[in-house]
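Me: I would like a close look at one part of the structure shown here, set in its context. Please keep the answer plain and connected.

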Amino acid sequence: MSGKPDLKLFFCLFVVAVVWGTTYLGIRIAVETMQPWYITSLRQGLAALIVLGILGYKKQLAWIGWENFKLQFIPAVLMIVMANGFTTIAEQSVPSGLTSILSALSPLVVFMGSIVAGQQKASLKGFVGVLLGFLGVVFIFRDGLGDILDPNYKTGILFLSIAILSWSIGTLYTKRHNHKSNNIALNLFYQFSIAAIIQYILALVINPDVDFSAWSGRSIAATLYLSVFGSVAAFFCYHYALKRVTAIQVSVLNYINTAIAVFLGWLLLDEVITFDFIIATLLIILGVFITNYKKSRT
């Protein structure tokens, strides 16, 4: 008999796909009046406080030991400080559409990295699924691909490249080591706390003289959204999913993130959705399905 579907896993994958699809818009709004490192330090600091409250309520707050602390320090630096931080900086100058298409390179990097690291075997199904999804993303922004060569985006694209590489390495590292600790909330508390401290120090060094009165309510609200949903909810679901499926199966959700980012642009910013977008969305869904499809066992 086939096993029962893991509804909690499906829900977590759904949250990752949808919520992180909205963060491009959230970051874009936040950087309108706020400095990037202050955004990220506030985002992770508030996330740490929220998780602290949850741990306190459940009476699960505890020291994790130096060995586990080191295991949490590495993904905190790679996935939160560098990937999240540099993406936020990049969105000051790089359009959100271009940010989406470049960020969609991460499943390809994770796919190749997981094979090199021996976390999964090379398969035609996996390659076709990843490639179809990426082609869907490219199809959405094919008219804007020339922007990659725009010299005005040179620095932003460099930051995004570092962010993509950092996120991919962090994903593979987490997949390899997350079985060593089952308390996701406790691990995330330490990751958010580590990242918040590092990012706040960077904020003070890079932007020592900040006019906080210039921060708009719109940008502050976006930062709060990024903290509660983009960090606490999505990261918890991401780590839960990584414990149960392969790194590449989770990472291909980046393609759905891109489609959602475009949809929100249509819904909130009056951007036009074309027939190309519909075709691209179908390619993305097909790519995600092929990558994640498994025959049921009887």
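What percentage of the 298 residues of the protein count as buried? And for the close look, which residues lie nearest the centre of the largest cavity, and how many residues line that cavity?

Reply: The model is a predicted one. Of its 298 residues, 51% count as buried. The protein has twelve helices and zero strands, and reading along the sequence gives the pattern α-α-α-α-α-α-α-α-α-α-α-α.

Now to the interior. The count of cavities of 30 Å³ or more comes to two. The largest cavity has a volume of about 360 Å³. Its lining is made up of 18 residues, and those nearest the centre are Tyr24, Ala83, Thr87, Ser103 and Trp167. Four helices each give two or more residues to this lining: H1 (7-30), H3 (65-90), H7 (154-177) and H11 (253-269). Sorted by class, the lining of the largest cavity holds ten nonpolar residues, seven polar ones and one charged residue.

Two of these lining helices also come up elsewhere in the model. Helix H1 contains lysine 8. The relative accessible area of lysine 8 is 47%, so this residue is partly exposed. The C-alpha atom of lysine 8 is 9.2 Å from that of cysteine 237, although the two residues are 229 positions apart along the chain.

Helix H3 carries a salt bridge. In total, the model has two salt bridges. One of them joins the side chains of lysine 70 and glutamate 67, with an N to O distance of 3.6 Å. This contact is local in sequence: because the two residues are three apart in helix H3, about one helical turn separates lysine 70 from glutamate 67. The two partners fall into separate accessibility classes. Lysine 70 has a relative accessibility of 48% and therefore counts as partly exposed. Glutamate 67 reaches 55%, so it counts as exposed, the cut-off for that class being over 50%.

The other pair is glutamate 32 with arginine 218, where the closest N and O atoms are 2.9 Å apart. This bridge links distant parts of the chain, since glutamate 32 sits in the loop between H1 and H2 while arginine 218 belongs to helix H9, 186 residues away. Glutamate 32, at 46% relative accessibility, counts as partly exposed. Arginine 218 is also partly exposed, with a relative accessible area of 48%.

The surface patch involves helix H9 again. Leu42, Leu46, Leu49, Ile220 and Leu224 form a nonpolar patch on the surface, and together they have about 400 Å² of accessible area. Helix H2 (36-58) and helix H9 (217-242) each supply at least two residues of this patch. The most comes from H2, which gives three residues. Leucine 46 is located in helix H2. Its relative accessible area is 31%, so leucine 46 is partly exposed. That value also explains why leucine 46 can belong to the patch, because patch residues need over 30% relative accessible area.

To return to the part asked about: the largest cavity, of about 360 Å³, is lined by 18 residues, and ten of the lining residues are nonpolar.

Technical notes: Residues are numbered from 1 along each chain as its sequence is written. This is a predicted model: local features need pLDDT of at least 70, side-chain atom pairs count only at pLDDT 80 or more; totals for chains, interfaces and linings use all residues. Side-chain values use heavy atoms; hydrogens and water are left out. Patches are made of residues with over 30% relative accessible area and no salt bridge: like charges are joined within 9 Å, nonpolar side chains (Val, Leu, Ile, Met, Phe, Trp, Tyr) within 5 Å. Accessible areas come from the Shrake-Rupley method with a 1.4 Å probe; for residues, only the protein chains shown count as cover. A salt bridge is a side-chain nitrogen of Lys or Arg within 4 Å of a carboxyl oxygen of Asp or Glu. Buried means under 20% relative accessible area, exposed over 50%, partly exposed in between (1.4 Å probe, protein chains only). On a 1 Å grid over the protein atoms alone, a cavity is a set of points where a 1.4 Å probe fits but cannot get out, and a pocket is an open set with protein on both sides within 12 Å along at least five of seven lines; lining residues have an atom within 4 Å of a point. Grid points are joined across faces, edges and corners, and a volume is the space filled by probe spheres set on the points. Ala, Val, Leu, Ile, Met, Phe, Trp, Tyr, Cys and Pro count as nonpolar, Asp, Glu, Lys and Arg as charged, and the others, Gly among them, as polar.
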